[in-house]
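Open the structure in your viewer and keep the selection tool at hand. We will go from one stop to the next, with a short note on what you find at each.

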Amino acid sequence: MEYLAEKLTQYIISKGTISKEDYGVYKYGLQTGMEMIFCMAISSLIAIHLKSFKEFLFFVIIFFLLRSYFGGIHMKHFLSCLICSCTVITCVLMFIKKFVFANWISLVLIILLLAGSYILTYFIMKKQSTDKDEFCFLRKQQKKILIGVGIVALCFFIFHVSLFETLLMITILVVFGSLVLEGIMEHR
């Protein structure tokens with residue numbers, strides 16, 4: 001992917017669309033975007049094969065929303081990230097095909113995991129000495145996300161949508177686990 005991103009960036013520079021000073025930013029953006037698309041394409045194929053595409057879309061939306069503002073562990077190499085991401089997605093989709101929890105169990109676990117994630121990110125962000133304005137912005141965004149996810153969880157509970165309530169709980173559990181791993185790696 002890096003090679004392709006490099007060639008595309010050089011092509012864009014040769015056409016005069018961007019300046020040479022922006023080379024690094026565009027190369028990084030193109031490489032990251034292509035890697036993300038490749039990962040999502042493989043994950044989509046896995047979801048289609050498992051006949052769980054709706055569940056996959058829900059998982060990805062909630063997962064990206066949470067990871068964008070809560071963080072979590074990141075792999076250093078694309079292949080590691082690809083294997084880990086596809087494994088996690090496959091395991092989650094296979095798990096919810098076999099196990100669906102009672103709505104009240106999922107709701108209680110969702111509340112506990114969201115609270116735990118919110119508390120854990122506080123300590124991780126403090127340790128990373130995040131800029132005060134950025135810290136305040138991220139905390140406000142996290143509160144909004146917590147409220148939104150909480151409302152979704154409550155709706156699933158009220159309308160007895162056990163499959164998606166369980167999927168929501170598992171998605172938050174994956175993000176929480178990623179935060180724990182990030183905290184452990186930061187502590188080393």
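Start by selecting α3 together with α2 (23-49), α4 (78-98), α5 (103-127), α6 (132-158) and α7 (162-187): the buried residues of α3 pack against these five helices. Bear in mind as you go that this is a predicted model.

Now show the side chains of the buried residues in α3. They are Glu55, Phe56, Phe58, Phe59, Val60, Ile62, Phe63, Leu66, Arg67 and Phe70. As you look along the helix, remember that an α-helix has 3.6 residues a turn, so residues three or four places apart point the same way.

Next, a quick check with the distance tool. Helix α3 covers residues 53-70, and its 18 residues should span 26 Å at 1.5 Å a residue; the end C-alpha atoms lie 25 Å apart, which agrees. Step just past the helix and you reach Gly71, with a positive phi near 85°.

**The largest pocket**

Turn on a surface and look for the largest pocket, with a volume of about 900 Å³. To centre on it, select Arg67, His74, Met75, Cys81 and Ser85, the closest to its centre of the 28 lining residues. Two or more lining residues come from each of α2, α3, α4 and α7. Which element gives the largest share of this lining? It is α2, with seven residues. Colour the lining by class and you should get 17 nonpolar, eight polar and three charged residues.

**The second largest pocket**

The second largest pocket holds about 190 Å³ of space. Select Tyr69, Phe70, Gly71, Met125 and Gln128 to reach the middle: of the 17 residues in the lining, these are the closest to the centre. Here α3, α5, α6 and α7 each give two or more residues, and α3 gives the most, with four. The lining of this second pocket divides into six nonpolar, eight polar and three charged residues.

**Two loop residues**

Finish with the backbone angles. Most residues other than glycine have a negative phi. Select Lys51, in the loop between α2 and α3: this residue is not a glycine, yet its phi is positive, about 55°. Is Lys51 buried or exposed? Its relative accessibility is 70%, over the 50% cut-off, so Lys51 counts as exposed.

Then jump to His160, in the loop between α6 and α7. His160 also is not a glycine and has a positive phi, near 55°. With a relative accessible area of 62%, His160 is exposed.

Methods: Residues are numbered from 1 along each chain as its sequence is written. This is a predicted model: local features need pLDDT of at least 70, side-chain atom pairs count only at pLDDT 80 or more; totals for chains, interfaces and linings use all residues. Side-chain values use heavy atoms; hydrogens and water are left out. The expected span of a helix is 1.5 Å times one less than its number of residues. Buried means under 20% relative accessible area, exposed over 50%, partly exposed in between (1.4 Å probe, protein chains only). Contact means heavy atoms within 4.5 Å. On a 1 Å grid over the protein atoms alone, a cavity is a set of points where a 1.4 Å probe fits but cannot get out, and a pocket is an open set with protein on both sides within 12 Å along at least five of seven lines; lining residues have an atom within 4 Å of a point. Grid points are joined across faces, edges and corners, and a volume is the space filled by probe spheres set on the points. Ala, Val, Leu, Ile, Met, Phe, Trp, Tyr, Cys and Pro count as nonpolar, Asp, Glu, Lys and Arg as charged, and the others, Gly among them, as polar.
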